[in-house]
Amino acid sequence: MLQTILSIAGKPGLYKLVSRGKMNLIVEALDETHKRQPAFGTDRVTSLADIAMFTETEDVPLGDVLAKLRDKEEGKVASLNWRKASAKELQDYFAEILPDFDRDRVHASDIKKLLQWYEILVKAGITNFEEDMKPTEGDNIDDRK
């Protein structure tokens with residue numbers, strides 16, 4: 001089953017879409033707390049399936065980038081300590097995953113965010129990125145089952 005993994009601006013971590021309320025979404029944290037909370041229309045909510053990384057040719061869906069990262073790390077958390085890595089270290093590491101990424105538009109903070117999300121997803125047991133992060137079609141969650 002396709003999962004809808006979300007990022008909510010201003011809130012740390014990633015969330016799984018659980019249900020829809022009348023005026024909100026019900027999301028569950030992917031961390032060890034599994035805390036459920038509402039996300040309202042005023043929150044900037046983005047599905048990871050709708051995010052892409054800039055390259056010199058065409059944009060690559062985030063699911064494909066995460067799959068390449070998983071293959072490089074053999075399904076384990078990233079070997080690079082993204083919290084302490086310099087911008088140069090981050091870019092060199094990311095170049096191993098996506099060699100033709102656009103160095104002008106992909107910033108160190110974007111790479112850190114990607115590695116942070118990857119770590120959260122791996123710890124939550126979500127590693128089939130090709131399937132779980134297909135670009136969404138339509139806005140009805142029931143169509144994705």
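Here are some informal notes on this predicted model, taken point by point.

1. Overall layout. The chain has 145 residues, of which 40% are buried. DSSP-style elements come to four helices and seven strands. Their order from the N terminus is β-β-β-β-β-β-β-α-α-α-α, so to speak a strand half and then a helix half. Among contacts with a separation of 6 or more, 56% are between residues 24 or more positions apart.2. The sheet. Five strands form an open sheet in the order 4-3-2-1-5, with antiparallel pairing. Strand 4 and strand 5 (45–47) are the edge strands; each has a single partner, so one side of each has no neighbour in the sheet. Direction ignored, neighbouring strands are turned against each other by 45 degrees on average.

3. Strand 3 with strand 4. Strand 3 (residues 24–29) runs antiparallel to strand 4, and five bridges join the two. To find the register, start at Asn24, which stands opposite Phe40 of strand 4. Further along, Ile26 has Pro38 as its bridge partner in strand 4.

4. Two faces of the edge strand. Which residues of strand 4 (residues 36–40) are on the covered face, and which on the uncovered one? Gln37 and Ala39 are on the covered face, while Arg36, Pro38 and Phe40 are on the uncovered one. Both strand 4 residues named in the previous point, Phe40 and Pro38, are on that uncovered face.

5. The hairpin loop. Six residues sit between strand 3 and strand 4 in their hairpin. His34 belongs to this loop, and its phi is positive, near 55 degrees, in a residue other than glycine. Is His34 buried or exposed? With a relative accessible area of 46%, His34 counts as partly exposed.

6. Helix 1 on its own. The twelve residues of helix 1 should span 16 Å at 1.5 Å a residue, and its end C-alpha atoms are indeed 16 Å apart. Its buried residues are Leu62, Gly63, Val65, Leu66, Ala67, Leu69, Arg70 and Glu73. Note that Arg70 and Glu73 are on that buried list; both turn up again below, in the contact with helix 3.

7. The end of helix 1. Just after the helix comes Glu74, with a positive phi of about 55 degrees. Like His34, Glu74 is a residue other than glycine. Glu74 lies in the loop between helix 1 and helix 2 and is exposed, with a relative accessible area of 64%.

8. Helix 1 against helix 2. The axes of helix 1 (residues 62–73) and helix 2 (residues 87–97) come within 9 Å and cross at roughly 95 degrees. That makes the two helices roughly perpendicular. Helix 1 contributes Val65, Lys68, Leu69, Lys72 and Glu73 to the contact, and helix 2 contributes Tyr93, Phe94, Glu96 and Ile97. By class, this contact has five nonpolar, no polar and four charged residues.

9. Helix 1 against helix 3. Here the packing angle is about 70 degrees and the axes are 11 Å apart. This pair is therefore roughly perpendicular too. From helix 1 come Leu62, Val65, Leu66, Leu69, Arg70 and Glu73, which meet Leu114, Leu115, Trp117, Tyr118 and Leu121 of helix 3. The classes here are nine nonpolar, no polar and two charged. Val65, Leu69 and Glu73 take part in this contact and also in the one with helix 2.

10. Helix 3 on its own. Helix 3 (residues 108–123) has 16 residues, which should span 22 Å at 1.5 Å a residue; the end C-alpha atoms are 23 Å apart, which agrees. Buried here are Ile111, Leu114, Leu115, Trp117, Tyr118, Glu119, Ile120, Leu121 and Val122. The helix is followed by Gly125, whose phi is positive, near 80 degrees.

11. Ala67, a residue to click on. Ala67 lies in helix 1, and at 5% relative accessibility Ala67 counts as buried. Which residues does Ala67 touch, not counting those up to four places away in sequence? Phe129 and Glu130. Thr127 is 60 residues from Ala67 along the chain, yet their C-alpha atoms are separated by 7.7 Å.

Technical notes. Residues numbered from 1 in each chain as written. Predicted model: local features only at pLDDT ≥ 70, side-chain atom pairs only at ≥ 80, totals over all residues. Heavy atoms only, no water. Expected span 1.5 Å × (residues − 1). Buried < 20%, exposed > 50% of the residue type's maximum accessible area, 1.4 Å probe, protein only. Pairing = 2+ DSSP bridges. Axes fitted to C-alpha atoms, helices over the stretch in contact; angles between N-to-C directions. Parallel < 35°, antiparallel > 145°, perpendicular 65-115°, else oblique. Contact = heavy atoms within 4.5 Å. Nonpolar A, V, L, I, M, F, W, Y, C, P; charged D, E, K, R; others polar.
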